[in-house]
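Here's a quick tour for anyone meeting this structure for the first time. Have the sequence and the 3D view open side by side, and follow along.

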Amino acid sequence: MLSPIDVLQEQIRSHLTAFDRRQVPPTGGVRRAAVTVCVLEDAERVPYTILIKRAAHGRNPGQWALPGGRLDDGERAVDAALRELAEETGVTGVEVAGMLDDFVTDSGFVITPVVAFGGVQQPVADPREVASVHDVPLEWFLAPGVPRWRGKLLQMPLGPSIVVHAPTGAILWQFAEVALRGREQRVFDVKQPRWTRT
């Protein structure tokens with residue numbers, strides 16, 4: 001008999017397999033990045049994802065983000081996402097479940113989101129790039145009022161002090177709808193606040 005976390009993982013895999021992912025074709029001059037929506041488990045096998053708060057220096061200082069970064073020359077998006085996950089949080093040995101739509105940012109990056117399972121691990125922030133790592137139980141993605149809209153701006157309120165905007169908020173909304181609920185949800189037209197365009 002499968003455990004609840006095993007059933008959840010099978011559902012997420014099935015939803016992502018059925019999802020007709022949209023990707024931006026490779027073209028010269030396009031800057032590419034990849035992120036990981038990593039599903040971990042606590043000691044009681046309760047699933048959660050991790051969000052990072054960027055360090056006060058560097059790109060996107062102080063912003064909520066998924067572990068991730070730029071692709072190295074010749075690197076595949078999945079490899080870059082998992083490399084950055086390991087570098088920024090110490091989480092390794094994950095299993096890729098699938099991918100979400102590429103998201104084109106206002107600053108000209110194409111972000112490829114990878115969904116992965118990492119089992120029971122304890123993320124540790126790399127202080128050079130990450131101020132802190134935060135656990136977000138999967139049930140919070142499905143709570144009333146998530147997402148919410150402020151005018152045309154999407155907000156993902158995922159904790160007492162965590163409000164995530166696009167592009168990360170858009171990726172997490174699509175994760176909630178596609179991977180967790182099994183619905184088709186496109187987010188390519190979700191607007192970014194000006195302060196995220198760095």
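Let's begin in helix α1, which covers residues 4-18 and holds L16. Keep in mind that this is a predicted model. From L16, we'll move on to a strand with several partners, then to the nonpolar core and a couple of aromatic pairs.

**Two buried residues in helices**

- L16 is tucked away, with a relative accessible area of 6%, so it counts as buried.
- Leaving out neighbours within four places in sequence, L16 is in contact with A97, G98, M99, L100, V115, V178 and A179.
- If you want a sense of scale, the C-alpha atoms of L16 and P4 are 18 Å apart, with these positions 12 residues apart along the chain.
- Over in helix α4 (residues 168-180) you'll find Q174, which is buried at a relative accessible area of 1%.
- Once residues up to four places away in sequence are set aside, Q174 touches F19, L100, D101, A179, Q185, R186 and V187.

**Strand β2 and its partners**

- Strand β2 spans residues 47-54, and 7 of its 8 residues are buried, so the rest of the structure largely encloses it.
- With strand β1 (residues 31-41), β2 pairs in the antiparallel sense over 3 bridges; here V39 has T49 of β2 as its bridge partner.
- These two strands, β1 and β2, make a hairpin with 5 residues between them, and R45 in the turn shows a positive phi of about 65°.
- Strand β8 (residues 130-137) also runs antiparallel to β2, and 7 bridges join the two; I50 has D135 in β8 as its bridge partner.
- Then there's strand β3 (residues 64-65), which pairs with β2 in the antiparallel sense over 2 bridges, with I52 standing opposite A65 in β3.

**The nonpolar core**

- The largest nonpolar core has 40 residues, and the ones touching the most other members are I12, L51, F141, M156, L158 and F175.
- Two or more residues of this core come from each of α1, β1, β7 (109-120), α3 (138-141), β10 (153-157) and α4.
- Helix α4 is the top contributor to this core, giving 9 residues.
- Not counting residues up to four places away in sequence, F175 touches V37, V39, T49, L100, V115, L138, F141 and L180.
- Another core, of 8 residues, lies apart from that one, and its members include C38, L85, V91 and A116.

**Aromatic pairs**

- How many aromatic pairs does the structure hold? There are 2.
- One is F141 with F175: their ring centres are 5.6 Å apart and their planes sit at 80°, so this pair is edge-to-face.
- Since F141 belongs to helix α3 and F175 to helix α4, the pair ties together parts that are 34 residues apart in sequence.
- Both rings belong to buried residues: F141 has a relative accessible area of 1%, and F175 comes in at 0%.
- W149 and W173 form an aromatic pair too, also edge-to-face, at 5.5 Å centre to centre and 80° between the planes.
- This pair links distant parts of the chain, with W149 in strand β9 (residues 148-150) and W173 in helix α4, 24 residues apart.
- Is each partner buried or partly exposed? W149 is partly exposed, with a relative accessible area of 39%, while W173 counts as buried at 12%.

How values were computed
Residues are numbered from 1 along each chain as its sequence is written. This is a predicted model: local features need pLDDT of at least 70, side-chain atom pairs count only at pLDDT 80 or more; totals for chains, interfaces and linings use all residues. Side-chain values use heavy atoms; hydrogens and water are left out. Helices (H or I, at least four residues) and strands (E, at least two) are DSSP runs, numbered from the N terminus. Buried means under 20% relative accessible area, exposed over 50%, partly exposed in between (1.4 Å probe, protein chains only). Contact means heavy atoms within 4.5 Å. Two strands pair if DSSP finds at least two bridges between them. A nonpolar core is a set of buried Ala, Val, Leu, Ile, Met, Phe, Trp, Tyr and Cys residues joined through side-chain atoms within 4.5 Å. Rings of Phe, Tyr and Trp (its six-membered ring) pair if their centres lie within 6.5 Å; planes under 30 degrees apart count as stacked, over 60 as edge-to-face and the rest as tilted.
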